[in-house]
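This report goes through a model of two protein chains, starting with one chain and moving on to the surface they share. It ends with a few backbone details.

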Amino acid sequence: MTPVRVGLLGAGNVVESLHLPVLCSLNGVTIAWVCDKDTARARALASTYEIPRAVESLDDCVDVDVVLVAIPVGARRSALEKILARGWHAFCEKPFAPTRRDHEWIVAEARRRKVRLGIGLVRRHYASVKMARALLGSGVLGPLTMILGGEGARVRHTGRGGDWYQGSAQASGSGVLMEAGPHLVDQVFTICRVEDYRIDHCRQKVLNGMEFETSVRGALIVDGGRPVRFGIVVSQLNDVYNGIVVRCQNGELRLGAAPHGTVEIYGRRGNIAGQLGGVSSEGKAFSAAVRAEWQEFIDACARSVEVCDWDTGLLTTAFIEACYRFNAPARAEAVSGIGV
Amino acid sequence: MNRIKSGIVGAGGQVGPKLLSYLSDDPRIHVFGICRNEVSAGPLRMEGYEIRCGSVTDPATAADLLGDCDVIINCSATSGPPARKSVAERGMLRAISGLPGKKRVIHFSSVAVYGGCIDSRRNTSERPRPDQPYGRHKLDLERYLWRCLRASAHEAVVLRLGHVYGTGQWLSRFVLDAACDPRFQLPFGGRLPSNSVHVRNVSAAIRRLILDWSQPGTYNLFDAPATTWRQVFDWNTNAVGALCVPSMGEEESKRVAAYHRRQAAIPLGVRLASEITSWLRTLPGSFISACPTVKTLGILTLASLRLEGLERRVLKRYKRMSARADGRAAAMPALDSWLLSDGAPGAPLLYRGGEIEIDDATAVADWRARYAEPDALLNWDAPGP
């Protein structure tokens, strides 16, 4: 197997606690450098994981095959231009881009440079998500009638200081829907094989340009054009039902955000009929999902540089942008860090 | 009228928002909150509260944030790994102690300093016996605060908070989840003291302290009048229209309580030795499980030796080991030991407990509907806590 050299752009929590432990254990993968404007943090990470180089700028980085882009979405423009220009494949942590236009620009640029793109929507690789998708796809519960999704809670302990990027509307992309929403939205879209959406109502609670809660209703288009009612809430203001509920003609299934969670099946009368999955520990299940995500991307880079909309989660980006535009059409321009 | 300026450190936590809400209604008090970043400050600012953002750990910024306060209420709790937490929280206490002027500090500790299952024969207020990392950490902070204040003009009241219940509080969530679990039974019918406090009573006590300062010292903070577990559980289940949780029988309750008391009384070193011994006993079995080849060799050896007596003894020992492990697991119902506590020792803070109003029960019902019922997602119109 051809060795794969990986560079890390960003030395934050998500790199240290989620990606690095997995990357270090993948056969044939070597970490060539870690790049972060906070050089102390980059050096600390490099020291812990025996990464040969810790640098402040991409200009100082040696060639690699793949770059993990794990910097705030509002700060990615110039970095992605350099990465794609050097012919490196890019695996981006969610959210992929703040707007559909930005998203399409990145994809077009990657195609022009003939490099592969990936997105860190790890829940696609959860056993429960695959199981739920297969169950719904089998038709055993009948056609879908309603889809509900919720995530979040009243924000209490963040454990972060004043320089946390999520406190900046520009850096974070504007709020909880952009920060936490992609996982939930993509999870719903994956399980239900959503083709398109229609937003009838979207209410957001915003303060100083930061959105703290979004509740959105409308219809998701499935099964070749059939609309199904949906309701999604993402919040940092209130404790919310955390999970996904898919109601079908013959029953209902429920699952949560946990990587080791079960899929619960309910009968038509609301009685629980059974549970599937959920045997391993949370840590093991999450590691397995991240590993699957990386393996899939590395294999895909070796096969082809063509990406489809699914590979980068374009529908998820478009949906999230549509929610923001529903309330403030000019907002999308304000946070976009990438122009055409 | 000169209002008493009061700053709440950790305003974005579990109890902080309720304190802000309650104290803001009193015209004699000017209250504001401190949050570390804009994300935790946002929800509170949306609710109309005055919030200052910054780190109290840094003495320079602590002076900016709290320098003009008369009273500082520290209900913060840092998250993260243990060493980082300890360093951060000690830094905070040091910075507060070093503020200029003479201030009154109300520091939130926890009833956990007395241990998980409080045994009044072994615990006193002066010498509490925590048996869990959280309780030890809280006791360490109490002692550190008193040491810091020796060189300071400030006065302090340390409140060992009971288990807090009410809207948004972990104990209410625990109770409401337990009410949905058909296996859950309340020990001794719930007649044991709960060592709990409704979040409205926490607020009432703090208001009383601000307006009528107590003798500096350490006090327990519980419901006034004190409540039993049955009262706490029933208040929560009534709020959401659920059935009361069933009671555990008296004999079973005594057996479970005796077990937890015995466990709580075992010193850490003895527990460690016991666990290592148990682990050593499982080594042969786990070695065989981990090395299937050993098991195969064992079977082949027994078959070739044709010693039925030896084979019977080996199988008997193996079955006895397995049965012992299963039996131990099934012996005790899974139950949180704090449900079996005695009343905590030491002086309670005296205050006039609020009538826990209908509004509080309605708020619990609304809160529960939002986090427990998926249909709430379709008709989401959250009015806020």
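Helices and strands are here DSSP runs, of at least four residues for a helix and at least two for a strand, numbered from the N terminus. On that count, chain B has 13 helices and 9 strands. The model is a predicted one.

**Confidence and overall form**

The predictor assigns the complex an ipTM of 0.85 and a pTM of 0.87. For chain B the pLDDT averages 90, and 95% of the residues score at least 70.

The C-alpha trace of chain B spans about 100 × 50 × 45 Å along its principal axes. Chain B has 385 residues, and 46% of them are buried. Contacts within chain B can also be sorted by distance along the sequence: of those between residues at least 6 apart, 78% join residues at least 24 apart.

**The interface of the two chains**

How many residues of each chain take part in the contact between chain B and chain A? On the side of chain B there are 33, and they are in contact with 37 residues of chain A. The area buried between the two chains is about 3000 Å², and carbon and sulfur atoms give 59% of that area. In chain B, the residues that lose the most area to chain A are Leu377(B), Leu378(B) and Trp380(B), which together account for 24% of what that side buries.

The interface also has charged and polar pairs. The rule finds 2 salt bridges across it. The side chains of Arg154(A) and Glu47(B) form a salt bridge, with 2.5 Å from N to O. Polar contacts across the interface, with both residues at pLDDT 80 or more, come to 5 residue pairs.

Which elements of chain B give two or more residues to the side that touches chain A? They are helix 2 (38-46) and helix 13 (358-372) of chain B. Helix 2 of chain B supplies the largest share, 8 residues. Sorted by class, this side of chain B has 15 nonpolar, 9 polar and 9 charged residues.

**Backbone details**

Most residues other than glycine have a negative phi, and most peptide bonds are trans. The table lists two cis peptide bonds and two residues with positive phi.

| Residue or bond | Backbone value | Place |
|---|---|---|
| Lys94(A) and Pro95(A), cis peptide bond | omega about -5° | Pro95(A): loop between strand 5 (89-93) and helix 4 (100-113) of chain A |
| Ala224(B) and Pro225(B), cis peptide bond | omega about 0° | Pro225(B): loop between strand 9 (217-221) and helix 8 (229-240) of chain B |
| Asn208(A), positive phi | phi near 50° | loop between strand 8 (196-207) and strand 9 (210-222) of chain A |
| Asp223(A), positive phi | phi near 50° | loop between strand 9 and strand 10 (226-235) of chain A |

Neither Asn208(A) nor Asp223(A) is a glycine. Are these two residues of chain A buried or exposed? The cut-off for exposed is over 50% relative accessible area. Asn208(A) has 66% relative accessibility, so Asn208(A) counts as exposed. Asp223(A) has a relative accessible area of 54%, and therefore Asp223(A) is exposed too.

Technical notes. Residues numbered from 1 in each chain as written. Chains lettered and ligands numbered in written order. Heavy atoms only, no water. Contact = heavy atoms within 4.5 Å. Buried area = accessible area lost by both parts, 1.4 Å probe. Salt bridge = Lys/Arg side-chain N within 4 Å of Asp/Glu carboxyl O. Polar contact = N/O pair within 3.5 Å; in protein donor to acceptor, adjacent residues only side chain to side chain. Nonpolar A, V, L, I, M, F, W, Y, C, P; charged D, E, K, R; others polar. Buried < 20%, exposed > 50% of the residue type's maximum accessible area, 1.4 Å probe, protein only. pLDDT = per-residue confidence, 0-100.
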